[in-house]
Amino acid sequence: MNETTNSPAAPGAPDSAATTLPTAYAPVEVEGELYERWVKNGYFTADAASGKEPFTIVIPPPNVTGSLHVGHALNQSIQDAIIRRKRMQGYETLYLPGMDHAGIATQNVVERELAKDGLSRHDLGREAFVRKVWDWKAEYGGKILGQQRRLGISLDWSRERFTMDEGLSQAVQTMFKKMYDDGLIYRAERIINWCPRCLTALSDIEVDHFDEPGELVSVKYGDGADSIVVATSRAETMLGDTAVAVHPDDPRYQHLIGREVELPLTGRRIPIVADEHVDPEFGTGAVKVTPAHDPNDFEIGRRHNLPMPSILDEHANITVHGPFLGMDRFEARPAVVAALREQGRIVGRKQLLRPVGHCSRCETVVEPRLSLQWYVKVESLAKAAGDAVRDGRVQIHPKEMEPRYFAWVDNMHDWCISRQLWWGHRIPIWYGPNGEVLCVGPDEEPPAGEGWRQDSDVLDTWFSSGLWPFSTLGWPEQTADLAKFYPTSVLHTGYDIIFFWVARMMMFGLYAMDGVQPFDKVVLSGLVRDQFGKKMSKSKGNVVDPLEWMDKYGSDAVRFGLLRGANPGTDQAIAEDWIGGARNFANKVWNATRFALMNGAFVPEQVPTDRLTTEDRWILSRLNEVVAEVDALYEDFQFAKAMEALYHFAWDEVFDWYIELTKLRLPLGAAADDPDAQTARAVLGHVLDVTLRLLHPAVPYVTETLWTALTGRESIVIAEWPAADLSRVDKAAEASIEALQEVVTEVRRFRADQGVKPAQKVAARLVLTDGRLAGHEAAIRMLNRLTEPEDAFSATASLTLDGAGVELDTSGAIDVAAERKRLEKDLATARKEVEQANAKLGNADFLAKAPDAVVDKIRKRLADAEGDIARLGGQLDALPSA
């Protein structure tokens with residue numbers, strides 16, 4: 001796709017584009033229209049047949065139920081900044097959009113809707129319920145897609161995917177069949193995490209653990225010499241105990257190993273077994289064994305061939321006949337303790353905090369439960385995922401996050417992939433009337449005939465999203481997209497889903513694509529926290545809505561504000577004030593470019609080399625240094641540092657200094673053919689052109705509007721990314737302008753100290769002895785509003801600097817009486833501060849009790865106040881007599 005060049009305004013003439021730019025930037029009025037034009041013109045549409053080098057990012061698919069939250073806004077701003085820069089660098093870029101069907105979350109949403117009418121999914125039946133979910137998706141799902149467009153992310157909408165669309169469903173079935181045939185998928189009865197609310201199994205990473213108060217109860221099993229004491233925080237599970245375990249080398253229990261003890265409340269006798277899993281130093285050194293309700297107990301049960309009765313149903317209600325039958329687990333717990341107390345079995349009670357697992361979707365306390373489920377055998381897959389990072393095929397940024405990744409893949413347990421839901425990819429296993437088990441591939445007909453039935457479970461959502469980098473490109477078909485854009489270039493996501501998603505994509509991609517990694521680089525960012533560094537939560541009331549901020553400040557401000565805090569792998573704080581500051585920056589860019597256009601700035605075909613002033617050589621030097629710096633920071637995914645460099649260069653150097661300095665050559669009414677003015681216009685236009693292109697990946701909307709007005713070209717989206725020309729670096733010019741800035745800054749401070757208002761012109765005599773300041777007297781006078789001295793000049797204040805001297809005649813510029821009154825008031829405040837600080841520092845009791853940091857702060861306040869007294873006294877002495 002080539003840029004087309006419209007006919008720009010004649011160089012040097014005030015550009016008509018400036019008159020079409022409103023005096024103030026109104027983002028809401030332009031963003032939607034610009035985005036639709038970008039999409040219509042095909043700027044975001046990738047071409048698999050092009051000869052360009054590919055660069056691919058697949059978006060982490062948001063849930064179909066989701067709305068854009070601040071984490072999405074951060075991650076997608078980062079991804080879009082990466083892809084926009086690569087597009088400008090000439091790559092064939094693909095930023096692929098899509099959504100996840102979000103099994104549990106979506107089913108819960110639709111079930112809640114049914115509940116409003118007094119219905120459950122069972123009232124509808126499976127097929128009707130699934131149709132209901134598809135209807136819900138069509139009407140309400142995908143709200144986030146429109147919000148992504150508002151954010152301005154340059155997704156290729158022609159390739160939008162959904163984890164349950166036809167192509168991805170075929171990929172899921174193909175992968176299941178392939179892994180089943182290779183012996184990597186199996187069915188087994190194991191302890192799983194069970195959600196009694198969602199009525200489904202959960203993988204370990206779908207369980208959130210929080211410390212909660214509980215009670216550790218010590219219970220005596222048996223009587224007399226054969227008794228043994230165990231401790232439990234879940235007393236109700238004792239109804240399912242089938243043994244007591246001790247360490248084989250524990251001398252306290254040698255006489256009991258192999259004997260039986262009566263289980264209280266049940267009348268059953270259970271064995272005492274020796275197992276090395278038991279820690280003899282913990283508690284009494286004896287543990288109750290409930291194989292059907294604890295993963296460690298399950299392993300003990302397997303080693304000792306113990307019975308494994310379940311005593312809780314799918315709703316976590318007691319199923320054991322007796323007084324506790326039908327009780328909820330939390331109701332049964334105190335009831336069992338009370339019954340044990342009546343029998344004199346409670347020998348100790350202790351309050352404690354313990355980690356309790358909760359369903360990550362509905363926050364219900366998870367129950368370990370023995371259940372028949374489908375698993376992925378991960379040993380070989382996880383090893384391959386670890387090896388791909390260790391041998392450098394995949395790089396993790398920042399590298400400090402690698403240990404977290406290895407800790408997961410090197411210690412991964414087999415993955416439970418079956419879920420007891422109706423919404424999702426149904427497991428393609430069929431059971432026959434005579435015990436047959438048949439796995440059906442996507443191109444195979446399921447078995448017909450009486451007695452055949454399909455497995456009722458669906459696959460874990462992370463199974464389908466684990467295929468995302470290649471299934472979205474057409475796998476298992478060998479498509480042009482797959483050949484061109486796989487492996488993908490960068491996977492950017494939050495570090496919190498390394499386990500959920502990144503590791504699974506690595507395993508599946510390496511397995512399905514013959515050892516070719518799914519992405520070359522994994523870039524991890526952190527969580528977005530509130531302005532105080534606290535985690536956002538609805539209960540704390542500190543959740544921010546990026547959509548509200550977009551309405552108020554514009555999408556560019558939200559993007560830039562988030563990117564400016566995006567350090568790799570670390571959490572970042574955000575506050576509305578910072579988004580407001582980003583909006584102010586966008587306004588500054590707008591006003592500066594509009595000023596330049598009104599003064600005839602234009603983008604030259606070649607950057608001038610003659611008639612350059614020192615400030616021209618300085619800004620061109622700094623521009624090329626910044627291009628090189630920002631380029632290197634982007635390559636290293638240091639977004640916060642890149643934004644900081646651009647912010648300070650644009651605001652502090654281009655807008656506050658260079659544009660001000662050009663006013664000497666661009667006075668009102670400057671002739672279009674004035675060669676010095678033309679050079680200033682050309683350099684200014686070039687600097688703004690490059691600066692806008694550097695800013696574009698972060699703030700696409702305002703840069704598009706301004707750049708097209710400045711250049712007359714089609715779109716900044718397809719403009720060329722700037723390249724640094726380090727031959728332009730001019731350290732002598734930089735030193736000269738640095739000296740100028742020091743003098744101007746000191747004179748401004750000196751004027752303020754003398755009580756001269758910023759807009760007030762003052763007669764001054766300048767003596768410049770520093771060679772770096774040669775030729776800068778006019779600039780110093782203009783920037784400090786200093787007029788030439790007249791014959792009657794009488795210096796009332798003087799300032800001596802390294803290489804410069806300044807004498808001011810302030811006699812007609814200030815109200816001496818008012819200024820004396822102000823200085824005397826400030827001096828009294830400083831003296832009071834010194835008195836208070838000395839009183840505290842002279843108090844031995846205070847010094848003995850106060851933290852060092854507090855004492856240091858008071859000492860600093862004392863030093864500052866003493867400095868203020870000296871400064872204010874000097875200013876008073878320098879005032880002319882009334």
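**View 1. C416 is a buried cysteine, with a relative accessible area of 5%.** The model shown here and in the other views is predicted. C416 takes part in no disulfide. The nearest cysteine sulfur to that of C416 belongs to C359 and lies 13 Å away. A disulfide is taken as a pair of cysteine sulfur atoms within 2.5 Å, and by this rule the count comes to 0 disulfides.

**View 2. C362 and C195 are not joined by a disulfide.** The sulfur of C195 is the nearest cysteine sulfur to C362, at 3.5 Å. The cut-off for a disulfide is 2.5 Å between the sulfur atoms, and C362 is in no disulfide. C362 counts as partly exposed because its relative accessibility is 24%, whereas C416 is buried at 5%.

**View 3. Strand β9, residues 243–246, is covered on both faces.** A243 and A245 lie on one side of β9, and V244 and V246 lie on the other. These four residues are all buried.

**View 4. Strand β9 pairs with β12 in the antiparallel sense and with β11 in the parallel sense.** Strand β12 spans residues 286–289 and is linked to β9 by 4 bridges. Within this pairing, V246 of β9 stands opposite A286 of β12. Strand β11 covers residues 269–274 and shares 3 bridges with β9. Here V244 of β9 has I272 of β11 as its bridge partner. Both V244 and V246 are among the buried residues of β9.

**View 5. An open sheet is formed by 3 strands in the order β15-β23-β22.** The pairing in this sheet is parallel. The edge strands, each pairing on one side only, are β15 (395–397) and β22 (488–494). On average, neighbouring strands of the sheet are turned by 20° against each other, direction ignored.

**View 6. Strands β15 and β23 run parallel and are joined by 3 bridges.** Strand β23 comprises residues 519–525. I396 has V522 in β23 as its bridge partner. The β15 strand in this pairing is one of the edge strands of the sheet.

**View 7. Helix α16, residues 498–512, packs on the sheet of β15, β23 and β22.** The helix touches β22 and β23. The direction of α16 makes about 165° with that of β22. Of the two strands touched by the helix, β22 is an edge strand, while β23 stands between β15 and β22 in the strand order.

Definitions and conventions:
Residues are numbered from 1 along each chain as its sequence is written. This is a predicted model: local features need pLDDT of at least 70, side-chain atom pairs count only at pLDDT 80 or more; totals for chains, interfaces and linings use all residues. Side-chain values use heavy atoms; hydrogens and water are left out. Two strands pair if DSSP finds at least two bridges between them. Axes are lines fitted to C-alpha atoms, for helices over the stretch in contact, and angles run from 0 to 180 degrees between N-to-C directions. Contact means heavy atoms within 4.5 Å. Buried means under 20% relative accessible area, exposed over 50%, partly exposed in between (1.4 Å probe, protein chains only).
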